[in-house]
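Dear colleague,

Here is the structure I promised to pass on to you. Please have it open while you read, as my notes follow below.

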Amino acid sequence: MWELEEASKGEGHREKREGGPDTGGNPQLSTSKGESQDAGSGGSGSGSRSGRGGQGLTSGGVDQPSPSQSITPQASLSRSISSKLARELVAGSTKQLRGPTHVVRPAPSPPVAAPVTDPVLHPTALVKVFRFLSLADLGHCALVCKAWSRASIDPQIWRRIDLPRRRPSASLLAGIVRRQPGALLLNWMRPPLTKQQLAWLIVRLPQLRELSLQGFSWTSISALRSCTCPPLSVLDLGFVSGFNDVSLRELLSPPPDMRPGLVGSPSRLKGLHTLRLAGCDISDMALRYIAQHLPKLVELDVSQCIRVTDAGVAQLATSPATTISTLASLDLSSCRLLTDSSLDHLAHCDALVRLDLRHTPNVTDAALAKFAEQSRHGLHVIDTKVIVKKKTSSESPPTTTSPQKTST
């Protein structure tokens with residue numbers, strides 16, 4: 001702004017020196033002098049700071065022509081207009097232009113927190129205690145202080161979250177994400193999560209390994225067909241409406257949302273070792289897809305899938321299917337089209353130690369007894385057409401673990 005003020009002063013001095021427009025002087029000479037003064041006004045102001053010599057420099061460092069150089073009429077008109085606008089800006093401004101009065105420095109780094117020595121506030125001690133509390137007591141502890149509130153949502157406490165028949169809400173989904181569970185059961189939610197909600201949730205749970213979505217629809221389940229889906233080990237899609245052979249093929253295929261470095265990558269569900277499809281509208285073709293795309297499958301549940309026949313069971317026990325050596329548990333209950341031929345095929349599954357054939361009228365008790373007797377794992381029949389491995393005295397009883405939270 002000081003340049004504009006210097007320009008206005010130079011204009012006033014020029015008028016006094018020339019005697020104004022009515023001084024009787026030579027108009028052409030007066031105009032030339034005015035142009036030279038206008039051209040040198042900016043240069044003289046900045047030249048006093050950068051040294052006087054040759055051509056003047058403005059505050060921006062741009063070279064200005066010297067008074068001795070010729071100026072075109074267009075340049076003269078432009079400079080006169082600029083001078084006029086500068087005078088108007090200086091005369092009409094009421095603000096005082098001031099520079100900064102203090103030095104701006106970055107904010108200091110936060111102080112290092114002192115180590116916690118009080119066991120009442122130590123996170124490790126709190127988590128070990130909170131694991132044994134009920135949900136109501138845990139909620140009360142979360143209201144004591146910030147340290148207890150942070151400890152109450154530790155992922156070690158919420159390794160398994162079960163929310164049966166709960167109504168979904170934004171606060172509920174945010175609470176799940178804050179706790180980062182390893183197992184999440186959202187069975188029969190009403191209304192079920194939408195595809196967008198499920199996609200938003202699973203992308204924020206990288207540690208999730210078990211997911212149960214019983215009673216959902218295929219429209220929502222299709223959110224699992226994404227490269228952001230966590231690598232699940234256990235998946236329960238029982239009684240999912242609209243789920244058929246085509247749906248299973250799409251679910252086990254590579255994700256459609258390809259990204260750099262993921263072209264041709266296998267499905268994110270390739271590492272499943274437990275798959276439950278009870279009550280789904282699948283047929284023998286679905287069992288073929290399972291045998292082809294799930295090389296680590298250990299447990300399979302296709303109970304109440306009324307379209308499954310002996311041909312579908314044969315897909316699981318025919319080379320090159322890896323289920324011949326990996327499948328340990330198979331639930332075929334209420335598959336009414338099965339016959340004794342299914343047992344002949346399953347005899348080739350070397351790792352099979354549990355088989356459920358309840359409510360299969362075409363499978364005889366004699367065939368079951370023969371299958372159990374010829375098994376290398378010492379199987380026997382219990383509870384009407386359920387074949388399990390015999391317990392030996394050398395097997396140790398299951399160890400007790402701390403209780404896990406089942407809901408938020």
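Helices here are DSSP runs of H or I with at least four residues, numbered from the N terminus. With that in mind, Pro320 can be placed in the loop between helix 12 (310–316) and helix 13 (323–326). Please remember throughout that this is a predicted model.

I begin with the backbone. Most residues other than glycine have a negative phi, and most peptide bonds are trans. Against that background, the bond joining Ser319 to Pro320 is a cis peptide bond, with an omega of about 15°. A cis peptide bond also joins Arg190 and Pro191, where omega is about -5°, and Pro191 has its place in the loop between strand 2 and helix 8.

Positive phi values are the next point. Arg165, which is not a glycine, has a phi near 55°; this residue lies in the loop between strand 1 and helix 7, and Arg165 is exposed, with a relative accessible area of 64%. Thr384, again not a glycine, takes a positive phi of about 60° in the loop between strand 9 (379–382) and strand 10 (386–389), and Thr384 is likewise exposed, its relative accessible area being 59%. Gln180, just after helix 7, also has a positive phi, of about 50°.

That brings me to helix 7 itself, which spans residues 170–179 and whose buried residues are Leu172, Leu173, Gly175, Ile176, Val177 and Arg179. An α-helix has 3.6 residues a turn, so residues three or four places apart point the same way. You may find this useful when looking at which elements cover the buried residues of helix 7: these include strand 1 (160–162), strand 2 (183–185) and helix 8 (195–202).

Lastly, there is a pair of packed helices. Helix 10 (residues 245–252) and helix 11 (residues 284–293) pack at an angle of about 10°, and their axes are 9 Å apart. Because angles under 35 degrees count as roughly parallel, helix 10 is roughly parallel to helix 11. The crossing of these two helices is left-handed. On the side of helix 10, the residues that meet helix 11 are Asp245, Leu248, Arg249 and Leu252, while helix 11 brings Met285, Ala286, Tyr289, Ile290 and His293 to the contact. By character, the residues of this contact divide into six nonpolar, one polar and two charged.

With best wishes

Key
Residues are numbered from 1 along each chain as its sequence is written. This is a predicted model: local features need pLDDT of at least 70, side-chain atom pairs count only at pLDDT 80 or more; totals for chains, interfaces and linings use all residues. Side-chain values use heavy atoms; hydrogens and water are left out. Buried means under 20% relative accessible area, exposed over 50%, partly exposed in between (1.4 Å probe, protein chains only). Contact means heavy atoms within 4.5 Å. Axes are lines fitted to C-alpha atoms, for helices over the stretch in contact, and angles run from 0 to 180 degrees between N-to-C directions. Angles under 35 degrees count as roughly parallel, over 145 as roughly antiparallel, 65 to 115 as roughly perpendicular and the rest as oblique. A crossing is left-handed if the near helix is turned anticlockwise from the far one by less than a right angle, and right-handed if clockwise. Ala, Val, Leu, Ile, Met, Phe, Trp, Tyr, Cys and Pro count as nonpolar, Asp, Glu, Lys and Arg as charged, and the others, Gly among them, as polar.
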